[in-house]
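Here is a guided walk through a protein model with several chains. Keep the sequence and the 3D view open as you read.

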Amino acid sequence: MTNGSTVDLGALLTRVRTNKPLVHHITNMVVMNDTANITLALGALPVMAHAPEEVEEMVGLAGALVLNIGTLTVEQVDVMLLAGKRANELHIPIVLDPVGAGATRFRTQNALRLLSELHISVLRGNASEVGSLIGVESETRGVESISAGAAPAVIARNASGVFGCTVAITGARDVIVDGERVAEVDNGDPLLATITGSGCMATSLIGGLLAVEQDSWLAATAALVIMGIAGENAAPQAGGPGTFRSHLLDAVAVLTADQLRERQKVTIL
Amino acid sequence: MTNGSTVDLGALLTRVRTNKPLVHHITNMVVMNDTANITLALGALPVMAHAPEEVEEMVGLAGALVLNIGTLTVEQVDVMLLAGKRANELHIPIVLDPVGAGATRFRTQNALRLLSELHISVLRGNASEVGSLIGVESETRGVESISAGAAPAVIARNASGVFGCTVAITGARDVIVDGERVAEVDNGDPLLATITGSGCMATSLIGGLLAVEQDSWLAATAALVIMGIAGENAAPQAGGPGTFRSHLLDAVAVLTADQLRERQKVTIL
Amino acid sequence: MTNGSTVDLGALLTRVRTNKPLVHHITNMVVMNDTANITLALGALPVMAHAPEEVEEMVGLAGALVLNIGTLTVEQVDVMLLAGKRANELHIPIVLDPVGAGATRFRTQNALRLLSELHISVLRGNASEVGSLIGVESETRGVESISAGAAPAVIARNASGVFGCTVAITGARDVIVDGERVAEVDNGDPLLATITGSGCMATSLIGGLLAVEQDSWLAATAALVIMGIAGENAAPQAGGPGTFRSHLLDAVAVLTADQLRERQKVTIL
């Protein structure tokens, strides 16, 4: 990190790999396999469980809870609230991915409900998704951000104030904001935007880091740096989105703490 | 295209990439990731959404609706009807993939119900699936076509008459028929039959093309040519079905309009 | 095989490829695509179907039924019982994968219920999952085996006695036990443990073999040898878990009966 920060992101990666925390996902059906595999590649252990009969017990075993509304149903909202409330009781951090917020009222309202009824540590979305949650004019085409109507940094700062949590907006430049601090991450590759679920995968990485680091802003920043460097390392080996996805998982798995320290492009504002 | 056709399939591909239409999928859980990724590779934007509370709003944002019954439930049929009726009201085209029709009465009956209650633009299946919908003796083993009992072209022509829509039957040679026109596509590679969901992926490509081309027969033909050429380009790089799948997505993404024009093997009968 | 066995595992593989049996899966949403693709790579035909309206009819077409509780719900248990009872009536073999048993009471109890109400041919899990079903102290972190509390061979032998079926415990060394016989398989590669669902994929291979071989112990042993050799062949081509997964599917697809005979590391105790 620049600006005199002495935070060692490499040490966070090592901590995940040493502790192998369980990351409980209640997530969408499109990217379940990729999010499980990237969690494993990071060095954490994924589990996907959504039966109301077991989510409270399962989250109790976990280091973090990932909530992702990509293929949301009413029943799934109930399960997310059940698991989320138990996580809050146990002080297990939650990351929320409001996939497609802004595209339909159902998604926007339920993302807001989760933010209202649960204590969320990190909200991770693209600019239009997060913008829609604070009433910024934006266009979400399905689950893709078309135009956000405001600068991501402004949206992130406002959302962080409204929701009282760390907000991470991913894009060409990622912005991670909590009440006081702003980090910008310039790692990444355009191929990340060509595969479905790269945002969801970033959210899972945040879950893995939250399980070993109480500072949500730092955990989210580290996760997005890891995703970005992995994208940079995967891209030269890829012939397009299909092979990129495979190489991306490889790149997360073989990323070293030293490489993370050397390659991070983080600016603290 | 041969036979004096002056249709420029390459221009259709360019149109998808320029317009980036949203393609709303209500589809099966086996291939959700692949169908989302191939839609992105084509240049369109996929969204998977199946909550009854949001499908009518979501389909209103879309350029086309993909219905795929591969892991059908009673609840999913209801959601498909809800989204489909709204799509019909808004003149948003629908492509239906009757995965496994003929294997169980549940699939056959519900595919017929969707064809009866909705205006479907394109029905895309293999010969035994489509054959089963018009009462042709055939054998569907699970979701695989074992024997069709009649020539695909005959089945397609009859089904097109019965259902009043474009019918696309994929196989070694694809046949696309509407009331008047018959196209045969000889692009493709045997490896396409070795991965699960290649038919479903073709259906998603049809959805992407339907979103930018009102002529359903032309859209379906263009989609199957794209799938076929991508298969041809992916095959030499693959060591088997696993790597083929990755290269197939790459091949769709890097396919150019010019390559599409030069490599298409379409015969208009 | 050593110890004077004259069983020809290669012939079993050939039999799958000749017969192309349908393998009906009621399985988890995380690995559906991979388990479908590995079933195809083996030479069998996968079908995923879970609607109560069709599972009895579908399983009647199948050569084997795969039950996998990785993303279990109460509704799915009911469907598994419905399909399983029909499979038992028709003498269609069932393989059960108790994913995450021991992690939550819900998973343990429902795995036990399936074992109690259905005649299961093969139970396939890791040491802690299977151990939890017979009350052995163990630790399942989500769906990963952390420590089993007893030697896998002991757990397998006891579980086989308790449940009256073949028990296959996978790990660095796989152990396959029925009432009388014990096989150990030393094929495999550490990369198999780096991807999600390699256990689930092994279970699907067992399903494919069960469909052509009545001796459950032999079918499970052959399946785990195939998985292991495929892992060995895929590993040198992989740069990490993402590319490994693709090469693994390739390796199953191109594996020959002769290679299976020459490379098997099976010890009969």
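The text below goes from one strand to a buried arginine, then to the chain contacts and a backbone angle.

This is a predicted model, in which local features need pLDDT of at least 70, side-chain atom pairs count only at pLDDT 80 or more, and totals for chains, interfaces and linings use all residues. Residues are numbered from 1 along each chain as its sequence is written, chains are lettered from A and ligands numbered from 1 in the order in which they are written, and side-chain values use heavy atoms, with hydrogens and water left out.

Start in chain C, with strand β1, residues 22–26. Helices and strands here are DSSP runs, numbered from the N terminus: helices are H or I with at least four residues, strands are E with at least two. How many of the residues of β1(C) are buried? The count is 5 of 5, and the strand is mostly covered. Buried means under 20% relative accessible area, exposed means over 50%, and partly exposed lies in between (1.4 Å probe, protein chains only).

Now look at the directions of the side chains. In a regular strand the side chains alternate between the two faces of the sheet. In β1(C), Leu22(C), His24(C) and Ile26(C) point one way. Val23(C) and His25(C) point the other way. Residues on both sides are buried.

β1(C) has strand partners. Two strands pair if DSSP finds at least two bridges between them. β1(C) pairs in the parallel sense with β2(C), residues 45–48, over 4 bridges. Within that pairing, Val23(C) has Pro46(C) as its bridge partner. The chain travels from β1(C) to β2(C) through helix α2(C), residues 32–42, in a right-handed β-α-β crossover. Right-handed means that, with the strands pointing away from the viewer, the path from the first strand over the helix to the second runs clockwise. β1(C) also runs parallel to β3(C), residues 64–68, and 4 bridges join the two. There, His24(C) stands opposite Leu65(C).

Move to chain B and find Arg124(B). This residue is found in strand β5(B), residues 122–125. Is Arg124(B) buried or exposed? Arg124(B) has a relative accessible area of 4%, so it counts as buried. Its side chain has polar partners. A polar contact is a pair of N or O atoms within 3.5 Å; within protein, one must be able to donate a hydrogen and the other to accept it, and residues adjacent in sequence count only if both atoms are side-chain atoms. The side chain of Arg124(B) makes one such contact with that of Asp97(B), at 2.7 Å. Another, at 2.6 Å, goes to the side chain of Thr170(B). Contact in general means heavy atoms within 4.5 Å. Beyond its neighbours within four places in sequence, Arg124(B) is in contact with residues including Val95(B), Pro98(B), Cys200(B) and Ile206(B).

Next come the interfaces. The size of an interface is often given as the accessible area lost when the parts come together. Here buried area is the accessible area (1.4 Å probe) that two parts lose on being put together, summed over both. Chain A and chain B bury about 2,300 Å² between them, with 60% of it on carbon and sulfur atoms. In this interface 29 residues of chain A are in contact with 30 residues of chain B. The rule finds 2 salt bridges across it. A salt bridge is a side-chain nitrogen of Lys or Arg within 4 Å of a carboxyl oxygen of Asp or Glu. Arg107(A) forms one with Glu54(B), the closest N and O atoms being 2.8 Å apart. There are also 11 residue pairs in polar contact, both residues at pLDDT 80 or more. On the chain A side, α5 (105–117), β7 (144–147) and α10 (241–254) each supply at least two residues. α10(A) gives the most, with 5 residues.

Chain C and chain B bury about 2,400 Å², 60% of it on carbon and sulfur atoms. In chain C, Asn33(C), Glu57(C) and Asp250(C) lose the most area to chain B, together 21% of what that side buries. The interface has 2 salt bridges. Glu54(C) and Arg107(B) meet in a salt bridge, at 2.8 Å from N to O. On the chain C side, α2, β2, α3 (55–61) and α10 (241–254) give two or more residues.

Finish with a backbone angle. Most residues other than glycine have a negative phi. His91(A) has a positive phi of about 60 degrees. This residue lies in the loop between α4 (74–89) and β4 (94–97) of chain A. His91(A) is exposed, with a relative accessible area of 72%.
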